[in-house]
Structure formats: structure tokens, C-alpha cells
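Me: I'd love a friendly tour of this structure, one point at a time. Please start with the ground rules.

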Amino acid sequence: MAQTHYLLDAKEAAQILRMDKRTLVRWARLGQIPAHPMGEGKRKLWRFVEHELLQWVEARRINCERRPPTSTMGVAINAHARRTA
């Protein structure tokens with residue numbers, strides 16, 4: 001059976017992901033989320049395939065479950081210090 005590919009604009013995709021449309025477009029430009037640019041030049045229109053977004057969300061959920069929680073407050077503070085240094 002053929003899978004239907006629903007093409008979403010940034011507003012529709014942001015509603016599905018429950019995030020701001022501008023953040024979604026920024027992530028698309030940075031390549032952090034599966035997206036397809038339409039057009040050329042600086043101002044591209046971004047389109048998102050629904051099943052790709054859902055797979056991306058599922059993969060992120062699985063990765064978050066594998067990451068062990070921070071064991072102590074000191075570890076969390078040190079990690080923050082490394083990121084901001």
C-alpha cells in the first residue's frame with residue numbers, strides 16, 4: 001500500500017510540533033530538522049513532510065530516554081560552565 005506524503009508549510013508543521021514557526025524555520029535553515037527548501041536565493045519557502053517530522057520526533061524521544069539523568073547538582077553546574085566558557 002502506498003504511503004501518502006502530506007506536505008506541510010511552516011505554520012502547519014509548527015502546530016504539529018507545538019513550537020513557534022520562526023524557531024522551526026531557523027532549525028530548518030540550520031539542518032537540525034528534516035525540511036525541504038522551495039525556491040532559490042536568500043528567502044526560501046520551507047516545506048515539511050509529515051511522516052519525516054513524526055519520525056524525527058520519535059528518534060529524539062528515544063535518544064532522550066537513553067540519556068541518563070544528571071546525578072548531582074555539581075555535574076549539572078559543571079556542564080553549564082563548560083557550555084558557557
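Reply: Happy to! Helices (H or I, at least four residues) and strands (E, at least two) are DSSP runs, numbered from the N terminus. This is a predicted model, in which local features need pLDDT of at least 70 and side-chain atom pairs count only at pLDDT 80 or more, while totals for chains, interfaces and linings use all residues. Residues are numbered from 1 along each chain as its sequence is written, and side-chain values use heavy atoms, with hydrogens and water left out.

Me: Which pattern does the chain follow, read along the sequence?

Reply: Begin with the inventory: four helices and three strands. Reading along the sequence, you meet them in the pattern β-α-α-β-β-α-α.

Me: Which strands are the edge strands?

Reply: Strands count as paired if DSSP finds at least two bridges between them. Strand β1 (residues 7–8) has two bridges to β3 (residues 45–49), and β2 (residues 36–38) has three bridges to β3. The three strands form an open sheet in the order β1-β3-β2, with antiparallel pairing. Each edge strand pairs on one side only, and these strands are β1 and β2.

Me: Which residue stands opposite Arg47 in β3?

Reply: Cross-strand partners are a handy way to read the sheet. On the β1 side, Leu8 stands opposite Phe48 in β3. In the pairing of β2 with β3, the residue opposite Arg47 is His36.

Me: In the hairpin of β2 and β3, what is the phi of Gly39 near?

Reply: Six residues lie between the two strands of this hairpin. Gly39 takes a positive phi there, near 100°.

Me: What distance separates the C-alpha atoms of Leu7 and Glu50?

Reply: Leu7 lies in β1. Its contacts (heavy atoms within 4.5 Å), leaving aside neighbours within four places in sequence, are Glu12, Met38, Arg47, Phe48 and Val49. Glu50 is 43 residues away along the chain, yet the two C-alpha atoms are separated by 6.5 Å.

Me: Why are the buried residues of α1 on the same side?

Reply: In α1 (residues 10–17), Ala10, Ala13, Ala14 and Leu17 are buried, meaning under 20% relative accessible area (exposed is over 50%, partly exposed in between; 1.4 Å probe, protein chains only). They share a side because the directions from the helix axis to their C-beta atoms cover an arc of only 100°.

Me: Which exposed residues does the face of α1 turned away from its buried side carry?

Reply: This is the other half of the picture for α1. The face turned away from the buried side carries Lys11 and Gln15.

Me: At the start of α1, a side-chain oxygen of Asp9 reaches to within what distance of the backbone nitrogen of Lys11?

Reply: The start of α2 makes a good companion: there, a side-chain oxygen of Asp20 reaches to within 3.1 Å of the backbone nitrogen of Arg22. At the start of α1, the side-chain oxygen of Asp9 reaches the backbone nitrogen of Lys11 to within 3.2 Å.

Me: What is the relative accessible area of Arg18?

Reply: Most residues other than glycine have a negative phi. Arg18 has a positive phi, near 55°, and is found in the loop between α1 and α2. Arg18 is also exposed, with a relative accessible area of 79%.

Me: Which element supplies the largest share of the largest nonpolar core?

Reply: A nonpolar core is a set of buried Ala, Val, Leu, Ile, Met, Phe, Trp, Tyr and Cys residues joined through side-chain atoms within 4.5 Å. The largest one has 14 residues, and Leu24, Ile33, Phe48 and Leu53 touch the most other members. At least two residues each come from α1, α2 (21–30), β3 and α3 (50–66). The largest share, four residues, comes from α1.

Me: Which residues of α2 are buried?

Reply: Among the elements covering the buried residues of α2 are α1 and β3. Just past the helix comes Gly31, with a positive phi near 80°. The buried residues of α2 themselves are Thr23, Leu24, Val25 and Ala28.

Me: What percentage of the 85 residues in the chain is buried?

Reply: For the wider view, residues 24 or more positions apart account for 42% of the contacts with a separation of 6 or more. As for burial, the share of the 85 residues is 21%.

Technical notes
A polar contact is a pair of N or O atoms within 3.5 Å; within protein, one must be able to donate a hydrogen and the other to accept it, and residues adjacent in sequence count only if both atoms are side-chain atoms.
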